[in-house]
Amino acid sequence: MAELVAAINRNDRLYYVEARPVIADADYDRMYEELIRLEHDFPQFKDPNSPTLRVSGEPLAGFAPVRHDPPMKSLDKCYEKGELVAFDAFLRKELPDGGWHYVVEPKVDGVSISLLYEDRRLVRAATRGNGEVGDDVTQNVRTIRSIPKALPADAPDRLEVRGEVYMTRDGFVKLNAELDEAGRETFMNPRNACAGSLKQLDPKVVAQRPLDAVIYNAGGVGCDGFASHTELIATFRRWGFPVAPWSRVAATMDEAIAAIDELGANRHGFRFEIDGAVLKINERAFYGALGATAHSPRWARAYKYAPERAETVVRGITVQVGRTGVLTPVAELEPVELAGSVIARATLHNADQIAAQDIRVGDHVWLVKAGDVIPAIDGVLTEKRDLFVVPFVFPTACPVCGGAVARAAGEVAVRCINPACPAQLQRRLEHFCSRNALDIRSLGGRLADLLVEKKLVADPLDLFTLDYAALAELDVGEAGAPRKFGKNAANMRDAVEAARTASLERWLFAIGIPNVGVTVAKDIAAEHEKLSDLPASAVLRHVVANDAKKGKEREILPIKVEAAKAVLAFFDSPYGQTFRARLAALGIDPRRAARTVRTDGPLAGVGCVLTGTLSRPRGEYAKRIEAAGGIVQSAVTSKTRYLIAGANVGATKTAKARALGTEVIDEARLLELLG
Ligand code: AMP
Ligand code: ZN
């Protein structure tokens, strides 16, 4: 029991706090069920702090705590229909006069949220946390379009509603592809991606995440006077809340079970992942009488569907080398059909993942689809393991170049650290030419591989000095079917020539610096004239210095500190210096894309800096200033005309600004200026 308690606590932390689970949900549930069973059989050994006594999850550092009144509870779960029948019997005993109906709803697999409205405006959004205390994630939740920021006049003055924020399945797949392209760690599944997004400290990042919500419960205020759950939900819908697109009312448990089966048959048809059905009593009058345990209300149950999964065998584990040298293990599987497609490979993410699940070549495994799309291994059938199956040993050298590999402190990824590794070069070359980078389309994966193999290209910049006449003669066909590159060579040369004048943001992304994705590249480009300004950039240094400051001194800047550090480190590195020198020799110095600046706006050409706590999101003001022709800067310079100071701005900061000739104004004055 002590072991289970420790394991559950550890996994709770990984799941709720770090949003980085290392075991499958089903395995977690099994441990939890086992502990409940043991505690039931041996109450004398029950830990007074057992995780079964609370809703999991601890509030995060970095977000203000929010106390939930009443606490946000979890749901009791059932895995078999028999448990539902027992629930029905329990209700008959508790409510001998009968008269209740069931409502069946999808169990949305996301992150529970509480939304508070005052004077019909959204004033606070909080996660469940441990049920008693959650995190204030208002800024992040405000970025979710479907969540109303204001309510119609007939909504109560004060209202709290509860529901689930989720990441759409399509959006999850796209996000992971983007993260992958930017050389960043991907998310395991949509729920994980959703939790990870909500705990972002930068709402701008959250705004780009495909988040949505379903509101399904009353909160602590403003929800009295509804006779039934269906009435409550219909009213929520009228007030503009997103509600579940499917639900059924049932008079008997048989009908409810039929509805649960109907939902189960359609479970892959929703925009969100569902991990079960929720069964609630429709008549709210009974809620008080039934009450709740420390963990969950007695008037509802979650029914978890058996995960759709298929058994297969791991034939091999191959290790791929990515653009930044990251070694990604991939399971080569005995092809098997799962939820409509045949699957032969599944990513294993990293060495930790393989070790945590103890996946070995030759193992029988369960295959599931994360987010209903991405194949993932969800547990090993150890009882079927052959005697001679040995643990997987993660390569200690790069499988492509044979060079050394290393693992940076605090990172899960193992990387090949050989800068000349052909595998890295091939992927870097592809990235350099990709659509959001320099958009050199004729360079597909096959040609990138060939150019590196034939040693025609040892660095992406070699594209600018390549002999394209000779390239026309290159055989790019498959084995046994030779085909010359021919006319494509001239097209490619034109595309490469055009890339010389591609914008700073495209170049910055093309270089492939860790943490510098498309958006970050744009943010950095917006603050700089040209690429040659970056190595000695005062703006980037300011961002790095700001990170070391504490409390009020610390500004919120439009560039992320990891990105600023990475860009500076790149230009400081020997490779970065060579890169710069070569660009200079090639006569290339990418410039920021010309912005259409309104020259007639009320703030035309005026430099503004936003600081402190403002009543509206900073991004919103930035947009309005730009729309008025102004230039939003990340730090006060001699070119800054106005420092817009919100609440909690230190006197030193405003004094410094004044010393530079900047006028310090408040929000009201800004609104006047904006007209
Ligand atoms: P779990 O997080 O697995 O303990 O399951 C309980 C959670 O399911 C609740 O706290 C809610 O966040 C979530 N949930 C998802 N859909 C619903 C729904 N329709 N009604 C109530 N709870 C739901
Ligand atoms: Zn290598």
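A salt bridge here is a side-chain nitrogen of Lys or Arg within 4 Å of a carboxyl oxygen of Asp or Glu. This is a predicted model, in which local features need pLDDT of at least 70, side-chain atom pairs count only at pLDDT 80 or more, and totals for chains, interfaces and linings use all residues. Residues are numbered from 1 along each chain as its sequence is written, and side-chain values use heavy atoms, with hydrogens and water left out.

**View 1. Domain 4 beside domain 5.** Domain 4 spans 504-585 and domain 5 spans 607-674, with bounds from an automatic or database domain assignment. Their centres, taken over C-alpha atoms, are 23 Å apart. Nine residues of domain 4 meet nine residues of domain 5, where contact means heavy atoms within 4.5 Å.

**View 2. The interface of domain 4 and domain 5.** About 730 Å² is buried between these two domains, 46% of it on carbon and sulfur atoms; buried area is the accessible area (1.4 Å probe) that two parts lose on being put together, summed over both. The salt-bridge rule finds zero across this interface.

**View 3. An edge-to-face pair, F236 and F241.** These rings sit 5.7 Å apart, centre to centre, with 65° between the planes. Rings of Phe, Tyr and Trp (its six-membered ring) pair if their centres lie within 6.5 Å; planes under 30 degrees apart count as stacked, over 60 as edge-to-face and the rest as tilted. Both F236 and F241 are buried (under 20% relative accessible area, 1.4 Å probe, protein chains only).

**View 4. A stacked pair, Y287 and W299.** Here the centres lie 3.8 Å apart and the planes differ by 5°. The structure holds 19 aromatic pairs.

Technical notes:
Chains lettered and ligands numbered in written order. Buried < 20%, exposed > 50% of the residue type's maximum accessible area, 1.4 Å probe, protein only.
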